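Subject: Structure for you to look at

Hi there,

Here is the structure I promised to pass on. Have a look at it first, and my notes follow underneath.

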Amino acid sequence: MAEALNPTTCKVAVLRGGCSGEREVSLASGAAVAEALRSVGFQVTELDPAEKDDLIDLIHNDYDVAFLALHGRGGEDGTIQGFLETIGLPYTGSGVYASALAMSKCNAKQCYRDAGLPTLPSITLVKEDGYSIESIIEQLGDHCVIKASKEGSSIGLYIEEGAAAIEEAIEKAYEHDDQVLVEKYCKARELTVGVIGNANPTALPIIEIVPRNEFYDFDAKYSPGGSTHICPAEIDESIAAKIRSCAEQAHKAIGCHGYSRTDFLLEENGDFWILETNTLPGMTATSLLPDAASKIGLSYEELCKKLIELAFDIED
């Protein structure tokens, strides 16, 4: 597999499902990926890491690579990546460390700061340590975004105003995780930028997300008509170039491999802020990353093949 990839001789285990709150999304991603890979000649087997027999199958069968169509805990946090490293099976996407780092919104936030990347003021709360709602409001104001640190798809995410509402949201977020990120609220346009590559990553066209709801929540992401995607986003090119560069820098700072997708907020004055980086973004044919890839002439099937090539460090 070192020089070129021949799909007809490549056995791919597509991992989809898992045990996280994003299981149904993962099943949809995995089904789409499997169909696309089969259409270009790969030998594809679909496996669910939630099933012990499927994990045993990964150990005993002679697969060449695992395509990770997983989301959330157990799939996007370094857990399955560590298992695959242990059994010596190459896989798509980022490694153990980068996956775990990006999955923690609190740790990723610190990584962005260390790299000099723009990110909104925030406070990290740990359940056992307690907190002062007065101190939070003094530092961030009384309009905040509250996020469970290690959930995806906007699970455990709340936008609240006023001390009582913020405190209630923190307690709700603690039901999902013992670490919570409280971030200053910023009214702005929501953008996302896909990045493809290993040592020399390249940002895809920027997508603006216009949610039907107040923000890009679970319903806006996965319900029909929940949001409108504008690609490429209608942004001044000088600002767009800075945002794309920032997405590439975030990819490198986190240590991503293969692909990632970083979410941003863009204010009217041109200031922009990194929200988070997804190491295994959605991979249905209509998901954000494939949508952006199509704008540079990369079909869904070609994208899936490209991600497998990157798993073997085959770059253009």
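Which elements do the buried residues of α11 pack against? They pack against β1 (11-15), α1 (23-39), β3 (65-68), β8 (189-197), β12 (258-266) and α10 (288-294). Contact here means heavy atoms within 4.5 Å, and buried means under 20% relative accessible area, with exposed over 50% and partly exposed in between (1.4 Å probe, protein chains only). Helices (H or I, at least four residues) and strands (E, at least two) are DSSP runs, numbered from the N terminus.

Before the rest, two notes on the basis. This is a predicted model, in which local features need pLDDT of at least 70 and side-chain atom pairs count only at pLDDT 80 or more, while totals for chains, interfaces and linings use all residues. Residues are numbered from 1 along each chain as its sequence is written, and side-chain values use heavy atoms, with hydrogens and water left out.

Back to the helix. α11 covers residues 300-311, and its twelve residues reach 17 Å from the first C-alpha to the last, close to the 16 Å expected (1.5 Å times one less than the number of residues). Nine of the twelve are buried, so the helix is mostly covered. Among the buried ones are Y300, L303, C304, L307 and I308, and also the charged-type names K306 and E309. Just after α11, D313 takes a positive phi of about 60°.The helix also matters for the next topic, the nonpolar cores. A nonpolar core is a set of buried Ala, Val, Leu, Ile, Met, Phe, Trp, Tyr and Cys residues joined through side-chain atoms within 4.5 Å. In the largest one, which has 47 residues, L15, L37, F67 and M283 touch the most other members. Two or more residues each come from β1, α1, β2 (43-47), β3, α3 (79-87), β10 (207-211), α10 and α11. The largest share, seven residues, is that of α11. Leaving aside residues up to four places away in sequence, L37 touches V12, V14, F42, V44, F67, C304, K305 and I308. Apart from this core lies another, of 25 residues, including A98, L101, L266 and F272.

Now for the charges. How many salt bridges are there? The count comes to 13, taking a salt bridge as a side-chain nitrogen of Lys or Arg within 4 Å of a carboxyl oxygen of Asp or Glu. One of them joins E183 to K147, with the closest N and O atoms 3.0 Å apart. E183 lies in strand β7 (residues 179-184) and K147 in strand β5 (residues 143-148), so this pair ties together parts that are 36 residues apart in sequence. Both ends are covered: E183 is buried at 2% relative accessibility, and K147 is buried at 5%.

R244 and E237 also pair, at 2.5 Å from N to O. Here R244 is partly exposed at 23%, and E237 is partly exposed at 47%. In the bridge between D291 and K295 (2.7 Å, N to O), D291 is buried at 18%, whereas K295 is partly exposed at 40%. Salt bridges with shared partners also join R16, R38 and E46 into one network.

Last, the cysteines. The structure holds zero disulfides, a disulfide being a pair of cysteine sulfur atoms within 2.5 Å. Why is C231 not bonded to C304? The sulfur of C304 is the closest cysteine sulfur to that of C231, but at 17 Å it is too far for a bond. C256 is in no disulfide either, and the nearest cysteine sulfur, in C111, is 8.9 Å away. C231 is buried at 15% relative accessibility, and C256 is buried at 7%.

Happy browsing, and all the best!
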